[in-house]
Amino acid sequence: MSSLSYTEPSLELGAATAPAEVLARSPLQVFWRRLRGDRVALAALAFLVVLALVALAAPLVVKVLGAPPPDRQSTEALDAFGAPTGPSAEHLFGVDQLGRDVFSRVVYGARVSLEVALAATGIAVVVGTVMGTLAGFYRGWVDTILSRLMDVLLAFPILLLGIGLASACALGNGCLGGIVQPGLTTVIFVISLASWPYIARIVRGQVLSLREREFVEASRALGSSNLRIMRVEILPNLVAPIIVYTTLIIPTNILFEAALSFLGVGVQPPTPSWGQMIADATSIFDTAWWYMAFPGLALVLTVLAFNLVGDGLQDALNPKAAR
């Protein structure tokens, strides 16, 4: 009769059948993991970082590459007939009809475009977030007044409104009792005034939904004030849509600034601007294609990069996307 023997279960078998440990990811880790997988958005972001560094260090970049300052006029850079010359070793992007270096003006124009777009967008985001939050949270007569104000501003043709305000504020002591002075401040004021209603509309719609959520009701039941509820409960949930829409409205404002400068009511000479350079190049485009091509290419690439980054952020911040 054979004896029965007892064998202990193998440790390897137990290890193989044990459930795998689930690693939790923070929202920031999930966001970075999604964004890192979008190589197009990362490439566009890298381009914008390089552009920002070039704009901040514009005098150093121009000096290192041996280009003259953007406002220096030189008849020696023109040909024998007084016409602008094309790209060369001395002038990488050629010169304009006044002998000014196009490369220097494009580099300094990046500083102007980014400064106007970022400042105007920042003001529009702050004003739009405040107005949209108040309208969506309080509703009633507050919502009615603010919504009708948005409707009035949205009813105006944006470009026509910008031309009128820029022309009016560019004369004398500016607008609002001298607060808005002619020049960059006028352009920033006009663009932010035209942009904030779009942000306010989006924020208002989000707040109308958030104010009915359970966590808001719980906070109200605990005795929190309306200001605390908006600051602690609602605003943190608006960060993602605000970030996405901000990256999408920046290129629009860059084009808006270029359009105002193109029409002669934006950034005034001698300050270089991409839109102003394109406007100056229209009369000599058939003989000096480089004067329009290089600032136009810089404008297109910058707007495209911001749009690609905005699309990437929208996908990365989307809670319904696969993790």
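The paragraphs below walk through the salt bridges, one helix and one buried side chain of a predicted model.

We begin with the charged pairs. The structure contains eight salt bridges, and several of them can be followed one by one. In one of these, Asp-71 pairs with Arg-105, and the closest N and O atoms of the two are 3.4 Å apart. Because Asp-71 sits in the loop between helix 4 (58-64) and helix 5 (102-138) while Arg-105 belongs to helix 5, this salt bridge ties together parts that are 34 residues apart in sequence. The two partners can also be described by their exposure: Asp-71 is partly exposed, with a relative accessible area of 39%, whereas Arg-105 is buried, with a value of 0%.

Another salt bridge joins Asp-143 to Arg-204, with the closest N and O atoms 2.7 Å apart. Here Asp-143 is a residue of helix 6 (residues 140-155) and Arg-204 a residue of helix 8 (residues 184-210), so the pair ties together parts that are 61 residues apart in sequence. The acidic partner, Asp-143, has a relative accessible area of 10% and is therefore buried, since the term applies under 20%.

A further salt bridge is found within a single helix. Arg-220 and Glu-217 approach each other with their closest N and O atoms 3.5 Å apart, and both residues belong to helix 9 (residues 214-221), where they are three residues apart, which is about one turn of the helix. Arg-220 is partly exposed, with a relative accessible area of 30%, and Glu-217, at 37%, also counts as partly exposed. Beyond such pairs, Arg-139, Arg-211 and Glu-212 are linked in a network of salt bridges.

We turn next to helix 3, which can be examined for its length and for its two sides. Helix 3 comprises 18 residues (residues 39-56), which at 1.5 Å a residue should span 26 Å, and the C-alpha atoms at its ends are indeed 26 Å apart, so the expected and modelled spans agree. Its buried residues are Ala-41, Ala-44, Leu-48, Leu-51 and Ala-55. Seen down the axis of helix 3, these buried residues fall within an arc of 85°, and they therefore line one face of the helix. On the other side of helix 3, Arg-39 and Leu-53 are exposed.

Leu-53 also appears in a nonpolar patch on the surface, which it forms with Leu-45, Val-49 and Leu-56, the four residues having about 390 Å² of accessible area together. Leu-56, which lies in helix 3, is exposed, with a relative accessible area of 68%.

Finally, the loop between helix 4 and helix 5, already met through Asp-71, also holds Asp-96. Which backbone nitrogen does the side chain of Asp-96 reach at 3.0 Å? That nitrogen belongs to Gly-99, and the side chain of Asp-96 reaches the backbone nitrogen of Leu-98 as well, at 3.1 Å. With a relative accessibility of 0%, Asp-96 counts as buried, in contrast to Asp-71 of that loop, which is partly exposed at 39%.

Definitions and conventions. Residues are numbered from 1 along each chain as its sequence is written. This is a predicted model: local features need pLDDT of at least 70, side-chain atom pairs count only at pLDDT 80 or more; totals for chains, interfaces and linings use all residues. Side-chain values use heavy atoms; hydrogens and water are left out. A salt bridge is a side-chain nitrogen of Lys or Arg within 4 Å of a carboxyl oxygen of Asp or Glu. Helices (H or I, at least four residues) and strands (E, at least two) are DSSP runs, numbered from the N terminus. Buried means under 20% relative accessible area, exposed over 50%, partly exposed in between (1.4 Å probe, protein chains only). The expected span of a helix is 1.5 Å times one less than its number of residues. The arc is that of the directions from the helix axis to the C-beta atoms. Patches are made of residues with over 30% relative accessible area and no salt bridge: like charges are joined within 9 Å, nonpolar side chains (Val, Leu, Ile, Met, Phe, Trp, Tyr) within 5 Å. Accessible areas come from the Shrake-Rupley method with a 1.4 Å probe; for residues, only the protein chains shown count as cover. A polar contact is a pair of N or O atoms within 3.5 Å; within protein, one must be able to donate a hydrogen and the other to accept it, and residues adjacent in sequence count only if both atoms are side-chain atoms.
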